[in-house]
Amino acid sequence: MTAGPLIDAGAAQASGPLLEVDAVSVVFRVHDGALVALDSVSLELRPRETVGLVGESGCGKTTLARCIVGLQRPDSGAVRLDGAPLGQRRSARERRAVQIVFQDPYSSLNPRLSVRRTLRELLSVHGLSSREGLEARCRELIELVGLPPEALDGYPGGFSGGQRQRIAIARALAVEPRLLLADEPTSALDVSVQAAVLDLFAEIRSRLGVSVLFISHNLAAVRHLCERVLVMYLGQVVESGTREAIFSDPRHPYTRALLAAAPRIHPVASAPLPLRGEAPSAIHRPAGCSFHLRCPRAEPICSIEEPRLEPVAGEPARRAACHFRDDPAPRA
């Protein structure tokens, strides 16, 4: 039996967003207070779109991914797929629709299962292939991620980090998802193989019509892969916009600092200074703007009034949570 298409790209509803995250908040109770991991985070992802989510470690990126995939229960807010809410107890169809590729390919695969058995079990449990077609579908999946058919006989311990991540991607694609969450998928890999994995995600979106939420602190990877970018700081989205807008004219001082800290082949003498100090505690958040203690642009209003994530003047698709969002970035 010849394996059919892994996903029906035409099933995506072009008339509206595929994924909606609406004011999702997550608070963890700790011994000395409440740790706010997510604070009313909202985003949308359209069919066939790749969106980047960036920010420092600990800003809430992974917690948000866990809420979307159903591994973390939000304290408030909603996650919707095609307009229908996704609860904590999801149907098999809902679980198939949203899949995640974890950061560490060394711990995300079962070392006791061969690649073939890993894929065959998924296909069998979800009824995605007849018994006669299992082998053909396994070969299709492993070849889709750029590995030879012989890899099906191997075990995770016998592969390199890049190969393991490709196997993890094949496992996620086996259930024919519509949305793929990539949580720092290249950070545990050698630089020499990161570009190949990024190109694989681009190919997957092109061939299969899968939407991708790409979570990373690697700004170069986000710029290479994503069409829109959201910037998170201390559990909040502080800026969003197209790739071109974010990288050419960031409107939030935190975004400017992130871009200034990225490695450059030719350093710019007049570039903004990197961030000063450490991010405030998510347990004891400062009043006003959560970034004002580190912000070179801060004024008295910043320590009193929290800015809202609102459109930039003349650019309704651009949003920034800054009192001075309408001021262009200083020229480097």
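Where is the place of R256? R256 sits in helix α9, which spans residues 253-261. The model is predicted. This briefing covers strand β8 with its partners, and then R256.

**Strand β8 and its surroundings**
- Strand β8 runs over residues 211-215 and is mostly covered, with five of its five residues buried.
- The cover applies to both faces of β8. On one side S211, L213 and I215 are buried, and on the other side V212 and F214 are buried.

**Pairing of β8**
- Strand β3, made of residues 50-54, pairs with β8 in the parallel sense over four bridges.
- In β8, I215 has L53 standing opposite.
- Strand β7, made of residues 179-183, also pairs with β8 in the parallel sense, here over five bridges.
- S211 in β8 has L179 standing opposite.

**The unit around helix α6**
- Helix α6 covers residues 191-208.
- Together with β7 and β8, helix α6 makes a β-α-β unit, and this unit is right-handed.

**R256 in helix α9**
- R256 is buried and has no salt bridge.
- The nearest side chain of opposite charge belongs to D249, at 5.3 Å from R256. A salt bridge requires a side-chain nitrogen of Lys or Arg within 4 Å of a carboxyl oxygen of Asp or Glu, so the D249 side chain at 5.3 Å does not give R256 one.
- The R256 side chain does reach a backbone atom: the oxygen of D327, at 3.0 Å.

Note on methods:
Residues numbered from 1 in each chain as written. Predicted model: local features only at pLDDT ≥ 70, side-chain atom pairs only at ≥ 80, totals over all residues. Heavy atoms only, no water. Buried < 20%, exposed > 50% of the residue type's maximum accessible area, 1.4 Å probe, protein only. Helix = DSSP H or I, 4+ residues; strand = E, 2+ residues; numbered from the N terminus. Pairing = 2+ DSSP bridges. Right-handed = clockwise from strand over helix to strand, strands pointing away. Lys, Arg positive; Asp, Glu negative; His and termini not counted. Polar contact = N/O pair within 3.5 Å; in protein donor to acceptor, adjacent residues only side chain to side chain.
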